[in-house]
Amino acid sequence: MSNTRHKILVVDDEPDVVSYLTTFLEDEGFTVVSAQDGPDGIAKARAERPDLITLDITMPGMSGIEVLTILRRDPELNPIPVIVITGVTSFKKQLSFRGVRPPEAFMQKPMDLELLMSNIDNLLKHSALKATNE
Amino acid sequence: MDDSQKQLLDLLTSKDELVGSIAHDLKGLLSGIEGGVYLVNSGLKKDNQSRVDQGFDMVKRNVDRIRKTVSSILYYVKKREFDWIEVEITALFESVGKVLADRAAHLGVDLRITADDGVFEADEFAVHSLLANIADYALESCHTAKIKPSPAVALSSKIDQTDLVIEILADGFVIEDETQKLVFEPGYAPRGVDRSHLGLFVARGLIDLHGGSLTITPSPERGTTLFRVVMSLSKPFDLADDADENTEDMLEREWDR
């Protein structure tokens with residue numbers, strides 16, 4: 001699958017995680033933009049219209065749950081697939097009370113890079129098929 | 001459910017929360033180390049020295065953070081008697097400054113250290129740990145709050161008659177009332193400012209074990225928070241050498257408070 005046309009937005013407050021993910025995904029041929037907090041994540045999602053978003057949950061100010069809720073409630077951003085990458089295990093319960101579509105994939109830290117790439121490939125293929133059929 | 005059962009349940013719940021918080025923090029730190037290893041390996045393959053250097057820095061930084069977390073955990077669980085010795089104040093502050101220098105630089109917060117000459121009686125390792133933990137919390141809070149363009153944390157000491165007064169001024173962070181009530185509790189997991197909260201719980205316990213006190217004073221109009229630790233220059237009389245309680249028992253008592 002050609003990766004060079006795909007853009008991924010990485011949202012995480014931990015600079016080392018952002019460096020790690022950005023470097024890895026760029027090595028895999030993606031264009032990467034990043035944000036280190038929720039408001040910047042939302043702003044970059046609107047400005048950059050990425051093909052996929054990776055999202056941390058525990059962030060200062062606005063949590064990843066609030067970010068995901070805003071993304072899902074925005075008709076323009078709603079279709080963008082989201083992979084949550086977090087050390088928190090209980091966030092799914094919190095999401096169910098907000099009535100929003102859960103993330104397309106959920107991964108625990110520390111990351112399994114093979115699994116991450118598999119999730120990204122599958123989600124991008126699914127998005128491409130959906131766009132073709134619409 | 002009677003009161004004692006409720007207390008026991010609260011205690012068990014707090015400990016579960018604490019273990020959960022530690023696990024979450026360690027996952028983040030392991031991610032940092034893995035990231036560093038990835039950068040080093042890929043940098044070597046691509047002959048990119050800058051990436052290799054960045055990777056090594058990441059590994060070192062996260063190993064240091066894991067060391068601090070493990071130290072805090074060990075203090076909590078280990079039976080440890082205090083080793084009361086004469087501690088040189090200037091040397092102590094220099095050592096704390098060295099430990100935190102890289103962290104401060106990484107967070108973009110200026111770290112300033114000034115200390116009076118003199119000595120006081122304390123467990124050197126414990127006092128070093130509690131100062132480093134409070135200062136680290138201040139550094140990370142200033143970095144996260146982003147209320148000032150040039151945040152700074154200043155550590156200072158002065159001798160006030162028979163007391164040693166240590167002040168850690170976070171210039172660029174104002175602690176909220178709600179946070180003040182929670183920040184020294186073992187299960188507290190502040191959003192964003194994480195990874196040092198266990199250290200604050202242990203820090204307060206260690207201050208108490210030295211017969212000292214800790215006050216926190218926010219100044220919203222100045223954008224600062226002052227952490228003030230007061231300890232006697234001499235080992236307090238009621239903390240006798242042959243006291244029955246060891247460190248763990250006193251921290252347990254602190255937990256139950």
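Which residue follows α4(B), and what is the sign of its phi? That residue is B:Lys146, and its phi is positive, near 55°. The legends below walk through this spot and several others in a predicted model.

**View 1. Helix α4 of chain B, from its start to the residue that follows.** This helix covers residues 124-145 of chain B. With 22 residues at 1.5 Å a residue, it should span 32 Å, and its end C-alpha atoms are 31 Å apart, which agrees. Look at the start of α4(B) and you'll find B:Asp123, with a side-chain oxygen within 3.1 Å of the backbone nitrogen of B:Phe125. Most of α4(B) is covered, with 18 of its 22 residues buried. Past the helix comes B:Lys146, the residue with the positive phi.

**View 2. Helix α1 of chain A and the glycine just after it.** Here we're looking at residues 15-27 of chain A, a helix of 13 residues. From first C-alpha to last, α1(A) reaches 18 Å, close to the 18 Å expected at 1.5 Å a residue. Plenty of its residues are tucked away: A:Asp16, A:Val17, A:Val18, A:Tyr20, A:Leu21, A:Thr22, A:Thr23, A:Phe24 and A:Leu25 are buried. Just after the helix sits A:Gly29, with a positive phi of about 100°.

**View 3. A salt bridge between two loops of chain A.** Zoom in on A:Lys109 and A:Asp12, whose side chains meet in a salt bridge at 3.0 Å, N to O. A:Lys109 lies in the loop between β5 (105-108) and α5 (113-133), while A:Asp12 lies in the loop between β1 (7-11) and α1, so the pair ties together parts of chain A that are 97 residues apart in sequence. Are these two residues buried or exposed? Both A:Lys109 and A:Asp12 are buried. There's a third partner to look for as well, since A:Asp56 joins A:Asp12 and A:Lys109 in a network of salt bridges. Across all chains, the structure holds 17 salt bridges.

**View 4. The interface of chain A and chain B.** Now step over to where the two chains meet: 25 residues of chain A are in contact with 22 residues of chain B. Between them, the chains bury about 1,900 Å², with 53% of it on carbon and sulfur atoms. In chain A, the residues losing the most area to chain B are A:Asp16, A:Tyr20 and A:Pro110, which together make up 29% of what that side buries. The count of salt bridges between chain A and chain B is three. Five residue pairs are in polar contact across this interface. On the side of chain A that touches chain B, helix α1(A) gives the most, with eight residues. Sorted by kind, the residues of that side are eleven nonpolar, eight polar and six charged.

**View 5. A:Asp16 and its partners in chain B.** This close-up picks out one residue of helix α1 of chain A, A:Asp16. What does A:Asp16 touch? Leaving aside residues up to four places away in sequence, A:Asp16 touches B:Gly32, B:Met58, B:Arg61, B:Asn62, B:Arg65 and B:His106. With B:Arg61, the side chain of A:Asp16 meets in a salt bridge at 2.5 Å, N to O. A polar contact of 2.8 Å joins the side chain of A:Asp16 to that of B:Asn62. Because its relative accessibility is 2%, A:Asp16 counts as buried.

**View 6. Another salt bridge across the two chains.** Here A:Asp27 pairs with B:Lys46, their closest N and O atoms being 3.8 Å apart. A:Asp27 lies in helix α1 of chain A and B:Lys46 in the loop between α1 (3-45) and α2 (49-77) of chain B, so the pair joins two chains. Why is A:Asp27 classed as partly exposed? Its relative accessibility is 25%, and partly exposed means anything between 20% and 50%. B:Lys46 is partly exposed too, with a relative accessible area of 48%.

**View 7. A salt bridge within helix α2 of chain B.** The last stop shows B:Asp57 and B:Lys60, whose side chains meet at 3.8 Å, N to O. Both lie in helix α2 of chain B, three residues apart, about one turn of the helix. An α-helix has 3.6 residues a turn, so residues three or four places apart point the same way. B:Asp57 is partly exposed, with a relative accessible area of 38%, whereas B:Lys60 is exposed at 56%.

Methods: Residues numbered from 1 in each chain as written. Chains lettered and ligands numbered in written order. Predicted model: local features only at pLDDT ≥ 70, side-chain atom pairs only at ≥ 80, totals over all residues. Heavy atoms only, no water. Helix = DSSP H or I, 4+ residues; strand = E, 2+ residues; numbered from the N terminus. Expected span 1.5 Å × (residues − 1). Buried < 20%, exposed > 50% of the residue type's maximum accessible area, 1.4 Å probe, protein only. Polar contact = N/O pair within 3.5 Å; in protein donor to acceptor, adjacent residues only side chain to side chain. Salt bridge = Lys/Arg side-chain N within 4 Å of Asp/Glu carboxyl O. Contact = heavy atoms within 4.5 Å. Buried area = accessible area lost by both parts, 1.4 Å probe. Nonpolar A, V, L, I, M, F, W, Y, C, P; charged D, E, K, R; others polar.
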